[in-house]
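Trainee: I am new to this structure, and I would like to learn how the labels used to describe it are justified. Could we go through them slowly, setting each value against its rule?

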Amino acid sequence: MAKPVRAPYEEQMTSAASSPLAGQTLVRGDLECLSRTAGPHHLVDCDIDGADLSGLNLAHWTFDRCTVRRGDFTGARLEGSVWTSCRGAFARFLRADLSDARFEASDFNNAVFRNATLSGARFARSKLTGVDLSDAKAFDLLLDEVLLINAKLPGFSFRKQTLRKIDFGQADLRKTDFRATVFEDCSLRDAGVAGCRFDGADLRGADLGGIALVDARQFRGATISREQAGQLLGELGLRVL
């Protein structure tokens, strides 16, 4: 027996192209149906928790205050999408196309973006604690005021960028390119920096606490403050007078 369509959803869908779809609990069938109507669409205060949305075309959609916890967007088309004040803990974006997407004031802790396309994407005032960004295509990715504690982003490039209020504490940053990067009110505390490049970087605005002296060699060619130099030497039990 076919699943009945909820009346509130059906009524709003008829005018979805011109007005937001608000306050609905949506599953894959709802989004598939909506994606076949004129769009892109605007969802407000919608609950999409746990939905399988893999492979759907949701390009340029707008999500305001939506919850997508444990949602599966594997292989979905999400280029140009906008996410504002959304909650997506443990969501999966494997191989999804998020080029030019915008995430504002959102919480996607422990989300998985492995092999996703993030070129031109922007994360601002957002929490990405524990996210997995391994092997993501992230050319021209922009971050501003973002928590990346315990995140995995090996091999990324932030060359010549200005990073502001980024917390990389305990993050996996192996082989990341920070050449000529300026750090403003950032943290690299206890981060894994093996193989990183910091040539020409300005690290005076970064917390380098917990960085072992063996890793401090990665900072060759970078600018640090006297206080930071003392902090690094302090890891060996030396006092700088």
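Mentor: Let us begin with a rule of accessibility: a residue is buried when its relative accessible area is under 20%, exposed when that area is over 50%, and partly exposed in between. Please keep in mind throughout that this is a predicted model.

Trainee: Why is Asn110 called partly exposed?

Mentor: Asn110 has a relative accessible area of 31%, and because partly exposed covers the range between under 20% and over 50%, the label follows. Asn110 is found in the loop between E5 and E6.

Trainee: What makes the phi of Asn110 worth a remark?

Mentor: Most residues other than glycine have a negative phi. The phi of Asn110 is near 60°, a positive value in a residue that is not glycine. Asp140, which is not a glycine either, has a positive phi of about 65°; Asp140 is placed in the loop between E6 and E7 and, with a relative accessible area of 48%, is partly exposed.

Trainee: Why is Ser134 called buried, although Ser134 lies in a loop?

Mentor: The label rests on the area: the relative accessibility of Ser134 is 14%, so Ser134 counts as buried by the cut-off of under 20%. Ser134 lies in the loop between E6 and E7, and, leaving aside residues up to four places away in sequence, Ser134 touches Phe113, Arg114, Asn115, Lys152 and Pro154.

Trainee: How do you know that Arg77 and Glu79 form a salt bridge?

Mentor: Side chains of opposite charge can pair when their charged atoms come close. The rule asks for a side-chain nitrogen of Lys or Arg within 4 Å of a carboxyl oxygen of Asp or Glu, and the N to O distance between Arg77 and Glu79 is 2.5 Å, so the pair meets the rule. As for the two partners, Arg77 is partly exposed at 41% relative accessibility, whereas Glu79 is buried at 13%.

Trainee: What makes the pair of Glu104 and Arg125 a salt bridge?

Mentor: The closest N and O atoms of Glu104 and Arg125 are 3.8 Å apart, and since the cut-off is within 4 Å, the pair counts as a salt bridge. This pair links distant parts of the chain, with Glu104 in strand E5 (residues 102–104) and Arg125 in strand E6 (residues 122–127), 21 residues apart. Arg125 has a relative accessible area of 47% and is therefore partly exposed.

Trainee: Which other pair links distant parts of the chain by a salt bridge?

Mentor: The side chains of Glu145 and Arg164 meet in a salt bridge, at 3.4 Å from N to O. Here Glu145 belongs to strand E7 and Arg164 to strand E8 (residues 162–167), and the two are 19 residues apart. Glu145 counts as partly exposed at 30% relative accessibility, and Arg164 counts as partly exposed at 30% as well. Both residues belong to a network of salt bridges that links Glu104, Arg122, Arg125, Asp144, Glu145 and Arg164, while a search of the whole structure finds 15 salt bridges.

Trainee: Why is Asp144, which is part of that network, called buried?

Mentor: Asp144 has a relative accessible area of 18%, and because the cut-off for buried is under 20%, the label holds. Asp144 sits in strand E7 (residues 142–147), and its contacts, residues up to four places away in sequence not being counted, are Arg122, Phe123, Ala124, Arg125, Arg164 and Ile166. In sequence, Asp144 and Phe123 are 21 residues apart, yet in space their C-alpha atoms are 6.4 Å apart.

Trainee: How do you know that the buried residues of helix H2 line one face?

Mentor: In H2 (residues 28–35), Asp30, Leu31 and Leu34 are buried. Seen down the axis of H2, these buried residues fall within an arc of 95°, so they line one face of the helix.

Trainee: What makes the lining of the largest cavity nonpolar?

Mentor: Leu118, Phe123, Leu128, Leu133, Leu141, Leu143 and Leu148 line the largest cavity, and because Leu and Phe both count as nonpolar, the classes come to seven nonpolar, no polar and no charged residues. The volume of this cavity is about 30 Å³.

Notes. Residues are numbered from 1 along each chain as its sequence is written. This is a predicted model: local features need pLDDT of at least 70, side-chain atom pairs count only at pLDDT 80 or more; totals for chains, interfaces and linings use all residues. Side-chain values use heavy atoms; hydrogens and water are left out. Helices (H or I, at least four residues) and strands (E, at least two) are DSSP runs, numbered from the N terminus. Buried means under 20% relative accessible area, exposed over 50%, partly exposed in between (1.4 Å probe, protein chains only). Contact means heavy atoms within 4.5 Å. On a 1 Å grid over the protein atoms alone, a cavity is a set of points where a 1.4 Å probe fits but cannot get out, and a pocket is an open set with protein on both sides within 12 Å along at least five of seven lines; lining residues have an atom within 4 Å of a point. Grid points are joined across faces, edges and corners, and a volume is the space filled by probe spheres set on the points. The arc is that of the directions from the helix axis to the C-beta atoms.
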